[in-house]
Amino acid sequence: MNDYAGQHEVISENMTSLITAELTRYVQELKQERKSHFHDGRKAQQHIETCWKQLEASKRRFERDCKEADRAQQYFEKMDADINVTKADVEKARQQAQLRHQMAEDSKAEYSSTLQKFNSEQHEHYYTHIPNIFQKIQEMEERRIVRIGESMKTFAEVDRQVIPIIGKCLDEITKAAESVDHKNDSQMVIEAFKSGFEPPGDVDFEDFTQPMKRTVSESSLSNSRGDGKSEPKFGSKSKGKLWPFIKKNKGAGPEDFSNLPPEQRRKKLQQKVDELNRDIQKEMDSRDALTKMKDVYIKNPQMGDAASVDHRLAELGQNIEKLRLEVQKFEGWLAEVEGRLPARSEQPRRQSGVYEAQNASGVNSCAQDRESPDGSYTEEQSQETEMKVPATDFDDEFDDEEPLPTIGTCKALYTFEGQNEGTISVAEGEMLYVIEEDKGDGWTRIRRNEDEEGYVPTSYVEVYLDKNAKDVHKPLQKISE
């Protein structure tokens, strides 16, 4: 798909450089040429209009002079026929008539010359100038059409050059699509995200007719620590039975990844160990390089002071020691997880009844459900496990097998964002269930539904306790203590 997209990018780049950019430049040139031709056309049109105006002016002047000559001739003839007019007046009228006739003749000659000139200019305009301008515009448009055809041909060539590669890409896409193995893909997801939990064994039959101490299957979903806590009743909606599908509150997990299922925890721990080993190797390489530099400085003092690298060497040594301690810590957790995980090739076996003595170590390494403050479930190692991890008071405080019963309700007075581990987010005005009162530390334990519970600041909620529920819950608190 990437190669297929790359070929289209090649087409785009070639079209931009060979077609778009060239056509843009050519269009600008055509605009300038077209503007020049239209300017010549307007100039020729203005010239012929000017010639026409000159002709009209000459014609009107000739017409006026002719009329003036006729009036002057008529006036002379009238004066010549009148016996009361003096000879001087007649002579003056005759001279005036002759002058008018001469002006008319001059206007006639000028009009004739202007007319011949206009006819010549008009012939030149319509048969030479204008046809030449239109011919230039036509040639320009023809060149434009040819250029567009060349661009289309260039586009075809650009596309044709990548067709074989695109064909190969499409063949590979088809081949890849046909090689999809949904079963293998599902198996890869299973291997990457499998939890490593072992299915529980059969639940033991408890004979209440016999006055004997009842035992609980150590492989069942309930926790058989035998610490005097009440056992979950059959059918109770315990979180332990919903562990694959519960919603977990988001928050930073513990350093040993104990909030993850066994298989995921093992992978995370292995990644951490590998990462620390790479850091150690990097620090050791730096130390070796500085050691060689120090030896060079000792042999050749002029190149540098050997004591200048001692401080850095000491820092690298401390860093390596810290990283080694971290590796030992994470390797201990990794060994603990690998010791409790069943063999990869073995099929999960359902276990029931009281284990025999020789199976005691296997029983102690079985996965136990433990509820962490963030709502997730992890394994809890048996006290007999050889490599023990000290349990914190924080873990023991929430180490319950069955959710606590509700002892009242509460209303959120303010919005609280539960970002830390063990807390829960609430919205202002939300009604929730109270399952544990404030013990003096400023926190109240509440529950929203079967899958979400946690702590909120007591000052953020208004608590309404159920007295009957509270009295019933007191014995459970004493037993827990």
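The following legends describe close-up views of a predicted model.

**View 1. Ser107 in helix α2 of the predicted model.** Ser107 belongs to helix α2, which covers residues 87–178. With a relative accessible area of 6%, Ser107 is buried, because buried means under 20%. When neighbours within four places in sequence are set aside, Ser107 is in contact with Arg61, Phe62 and Asp65.

**View 2. The aromatic pair of Tyr414 and Tyr460.** The count of aromatic pairs comes to six. In the pair of Tyr414 and Tyr460, the ring centres are 5.7 Å apart and the planes stand at 75 degrees. This pair is edge-to-face because the angle between the planes is over 60 degrees. Distant parts of the chain are linked by the pair, as Tyr414 and Tyr460 are 46 residues apart. Tyr414 is placed in the loop between β3 (408–412) and β4 (431–436), and Tyr460 in the loop between β6 (452–457) and β7 (461–465). Tyr414 has a relative accessibility of 47% and counts as partly exposed. Tyr460, at 29%, is also partly exposed.

**View 3. The aromatic pair of Phe416 and Trp443.** Phe416 and Trp443 form an edge-to-face pair, with 6.3 Å from centre to centre and 70 degrees between the planes. Phe416 is found in the loop between β3 and β4, whereas Trp443 is in strand β5 (residues 443–449). The pair therefore ties together parts of the chain that are 27 residues apart in sequence. Is each of these residues buried or partly exposed? Phe416 counts as buried at 13% relative accessibility, while Trp443 is partly exposed, with a relative accessible area of 30%.

**View 4. One aromatic cluster.** Tyr414, Phe416, Trp443 and Tyr460 together make up one aromatic cluster. Of its members, Phe416 is buried, and Tyr414 is partly exposed.

**View 5. Arg147 and the ring of Tyr26.** Here a charged side chain and an aromatic ring are shown together. Arg147 lies over the face of Tyr26, and its distance from the ring centre is 4.5 Å.

**View 6. Helix α3 and its start.** Helix α3 consists of 12 residues, from 182 to 193. At 1.5 Å a residue, the helix should span 16 Å, and its end C-alpha atoms are 17 Å apart, which agrees. The expected span is 1.5 Å times one less than the number of residues, so the 12 residues of α3 lead to the value of 16 Å. At the start of α3, a side-chain oxygen of Asp181 comes to within 3.3 Å of the backbone nitrogen of Lys183.

Conventions:
Residues numbered from 1 in each chain as written. Predicted model: local features only at pLDDT ≥ 70, side-chain atom pairs only at ≥ 80, totals over all residues. Heavy atoms only, no water. Helix = DSSP H or I, 4+ residues; strand = E, 2+ residues; numbered from the N terminus. Buried < 20%, exposed > 50% of the residue type's maximum accessible area, 1.4 Å probe, protein only. Contact = heavy atoms within 4.5 Å. Phe/Tyr/Trp six-rings, centres within 6.5 Å; stacked < 30°, edge-to-face > 60°. Lys NZ or Arg CZ within 6 Å of the ring centre and 35° of its normal. Polar contact = N/O pair within 3.5 Å; in protein donor to acceptor, adjacent residues only side chain to side chain.
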